[in-house]
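Here is my note on the model, point by point. Please read it with the coordinates open.

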2 protein chains.
Amino acid sequence: MNKNKDVAGEEPSGALMADVARLAGVAISTVSRALANPGRVNEKTRAKINAAARQLGYTPNAMARGLRVGKSNIIMIILPGSLYYGASQIIPHVLQSINKSLIQGGYNLMIANLDRDEISERHILDLAFGGSVRGAIILSSKLPEVDGRSLANSGLPIVSMLLDMSDAGLQSVITNDREAVRDVTAELIRLGHRRFFYLAGPEGNYHDVERYGGVLEALEGAGLSEGSVRRSGGHLDYQHGFDIGVQAADDFAKLTEKPTAVIATSDDMAISFVSRVQRRGVSIPGDLSVVSFDGSPVCEFCSPPLSTIKQPVEEMGRAAVDLLLDAIGQRENAAAVRTVIRSSLISRESIAAPKS
Amino acid sequence: MNKNKDVAGEEPSGALMADVARLAGVAISTVSRALANPGRVNEKTRAKINAAARQLGYTPNAMARGLRVGKSNIIMIILPGSLYYGASQIIPHVLQSINKSLIQGGYNLMIANLDRDEISERHILDLAFGGSVRGAIILSSKLPEVDGRSLANSGLPIVSMLLDMSDAGLQSVITNDREAVRDVTAELIRLGHRRFFYLAGPEGNYHDVERYGGVLEALEGAGLSEGSVRRSGGHLDYQHGFDIGVQAADDFAKLTEKPTAVIATSDDMAISFVSRVQRRGVSIPGDLSVVSFDGSPVCEFCSPPLSTIKQPVEEMGRAAVDLLLDAIGQRENAAAVRTVIRSSLISRESIAAPKS
DNA sequence: TTGTAAGCGTTATCAC
DNA sequence: GTGATAACGCTTACAA
């Protein structure tokens, strides 16, 4: 029954439920019951079975169980390639947080990469439609969809994270970016700033829309015109944050009327931007205040230490898993909702009142 | 046959091989053959089957196949919690690189976290012995082992990455850290440096041993005594790299005879160390040269830009996957070997000749 | 409380 | 070249 070629009669691995049953002197179904519903089996029998299982080093076969019950215990996280980089450590944090919560719920985490090609889309759809996964957490704005199959109607519970996809009918765990930017911009205005420089990731991207929107709201609230803010970037992905900052520094140098405050949409942009403009003699925060996004730990050790709006990644991960497991538990999906986790400004020396 | 409650007679998902067979007017086994061994079935039949499959949006069930063939197509990567942080982006890169190679080989990547508790060990062992995974890539020095079951004799192909575990019989993909440190130390000596400061991660850790060993080799080669180098750190995990650097700056301040060159074993350490000693008036590289490990992109934008020894993570990931897939292909495991990928020094302004 | 037996959706071994 | 049919290892009615 044991398919391994045993050395010296030992059973180092590969014991089956049938092996356990035989050793314990019971039927195979009793073993199954003892392991799954310990309450529904005689205590003495259960003890025998547990002893046998332990002696054989028995581990239930997950695929067999999965096939039988028609469910897998794997959750996939769909990551766009563009999120993979950056000093912000967002991805590692997300993975750690999600994986931890998932394991407590008895699930495993599988990684799925969603690039801008059909191959990766097809791959994800195979996972979804092939019964391999039980649910998905997606950090991309695009739902895979290739020749007829679409993740949207795969029947899988899906939770979006970082991006608001409630319009597409997905539970979404997001941060209050708009509000956070509005507040920090308002604070900059209060300090006396009137001309702003905004470093953007991909134009039209959810984060860009929300964050830039926040800037505009603050300007409007203070009676300032849209012209008070200049944009830089918009072409490159967040993945190329450092490049965006370098380019923005060039753009900044060309401006005749210099802004006095910079709002960067990632720490990477801020870091490379600051590095480059300092080299050109710009003093921070003397000549220019800087605030950015993500809350990368490294910001504390920049000179000057950078103010940054922290993304509460761990909480978001937990929330996403909670929502997903809820959805898996229910028969019907709850109405799409936004779960907003508040992000907070970490205030450091890179912000000050503008010179005179 | 389709278990989904279809809306309006459509079959949005969940088609089985039997459905395809019926639609194509052939036996189910023919469908299986057509999909797996297209060569062994009549071209016309195959066309019919493919058409039917496509029309139904058929996706083979991975668990059923896995159960039947006795193999899963999932590879797990075992990550220690301590690797999850740091501006170095090592983890995201590793994951991306490994996942990419894996997918090309038809495999999927599952994440397994190995913390210092029995729970996570048991979890990994369940994955290994439960037939869920086909192989493992491990980035931890410790092989899970709980009550009898041990990953080492799970029969799974395992490849170690970053750490040399060839002694434990594992194929290991590593970098030439010792040599790299020896070379850079020798270069520092050549520049005139005679007193060194070494920032360590956990003492006795593989990386610490190799890298510190490299320093000593260079000293010896130049006829300098072991006393030429002072150590700091050794208690905290790499996860706390920034803290190590901060503490090292305190240690440094207390030294009466100041070293003129710092060798840090991670960029995080170097970054926070530099930040703190600069604040105390130490000039870099004027008073102190600095070199560190990992090759974090952010180092380019520090002031001064930091020299760092780049870990060739992508190549390591590819190599690890290649070795793993080879091992899966063979019946017998190849003899344990080290695969050494060369890391390279990225030389920037943080290194100079010592004053006077 | 326990045992028997029927499947889960594939693949593989046979005949035909 | 194609079609029955028996597994793969488990769970779950249902019977005893």
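Which residue caps the N-terminal end of α4(B)? N61(B) does, with a side-chain oxygen 2.8 Å from the backbone nitrogen of M63(B).

Ground rules. This is a predicted model, where local features need pLDDT of at least 70, side-chain atom pairs count only at pLDDT 80 or more, and totals for chains, interfaces and linings use all residues. Residues are numbered from 1 along each chain as its sequence is written, chains are lettered from A and ligands numbered from 1 in the order in which they are written, and side-chain values use heavy atoms, with hydrogens and water left out.

1. Around α4(B). Helices (H or I, at least four residues) and strands (E, at least two) are DSSP runs, numbered from the N terminus. The capping residue N61(B) also faces DNA: a backbone N or O atom of N61(B) lies 3.4 Å from a phosphate oxygen of DNA strand C. At the other side, just after α4(B), G70(B) has a positive phi of about 75°.

2. DNA strand C. This strand is surrounded by 23 residues (near means a heavy atom within 4 Å). The closest are S29(A), T30(A), T45(A), R68(A) and R68(B). Of the strand C atoms that come within 4 Å of the protein, 56% belong to sugar and phosphate. A base is reached too: a polar side-chain atom of S29(A) lies 3.0 Å from a base oxygen. T45(A) places a side-chain N or O atom 2.3 Å from a phosphate oxygen of strand C. Please look at that distance in the model.

3. Who lines strand C. α2 and α4 of chain A, together with α2 and α4 of chain B, each supply at least two residues. α4(B) has the largest share, with 4 residues. The classes are 11 nonpolar, 7 polar and 5 charged. Here Ala, Val, Leu, Ile, Met, Phe, Trp, Tyr, Cys and Pro count as nonpolar, Asp, Glu, Lys and Arg as charged, and the others, Gly among them, as polar.

4. DNA strand D. Y58(A), R65(A), R68(A), T30(B) and T45(B) come nearest among the 23 residues around this strand. Sugar and phosphate make up 60% of the strand D atoms within 4 Å of the protein. Phosphate oxygens of strand D lie 2.8 Å from a polar backbone atom of A27(B) and 2.7 Å from one of N42(B). For T45(B), a side-chain N or O atom is 2.4 Å from a phosphate oxygen. Elements giving two or more residues to this surface are α2 (28-36) and α4 (62-69) of chain A, with α2 (28-36) and α4 (62-69) of chain B. α4(A) gives the most, 4 residues. By class, the surface has 10 nonpolar, 7 polar and 6 charged residues.

5. The A–B interface. Contact (heavy atoms within 4.5 Å) joins 57 residues of chain A to 56 of chain B. The buried area is about 4900 Å², 61% of it on carbon and sulfur atoms; this is the accessible area (1.4 Å probe) that two parts lose on being put together, summed over both.

6. Polar links across the interface. There are 4 salt bridges between the chains (a Lys or Arg side-chain nitrogen within 4 Å of an Asp or Glu carboxyl oxygen). One of them joins R276(B) and E300(A) at 3.7 Å, N to O. In polar contact are 12 residue pairs, both at pLDDT 80 or more. A polar contact is a pair of N or O atoms within 3.5 Å; within protein, one must be able to donate a hydrogen and the other to accept it, and residues adjacent in sequence count only if both atoms are side-chain atoms.

7. Strands across the interface. β2(A) and β2(B) (residues 108-114) pair in the antiparallel sense over 3 bridges (pairing needs at least two DSSP bridges). M110(A) has M110(B) as its bridge partner.

8. Within chain A. R211(A) and D177(A) form a salt bridge at 2.8 Å. R211(A) lies in α8 (residues 206-221) and D177(A) in α7 (residues 177-191), so the pair ties together parts 34 residues apart in sequence.

9. Backbone points to check. Most residues other than glycine have a negative phi, and most peptide bonds are trans. The S303(A)–P304(A) peptide bond is cis, with omega about -5°. The bond from S303(B) to P304(B) is cis, with omega near -5°. Q89(A), not a glycine, has a positive phi of about 65°; Q89(A) sits in the loop between β1 (74-80) and α5 of chain A.
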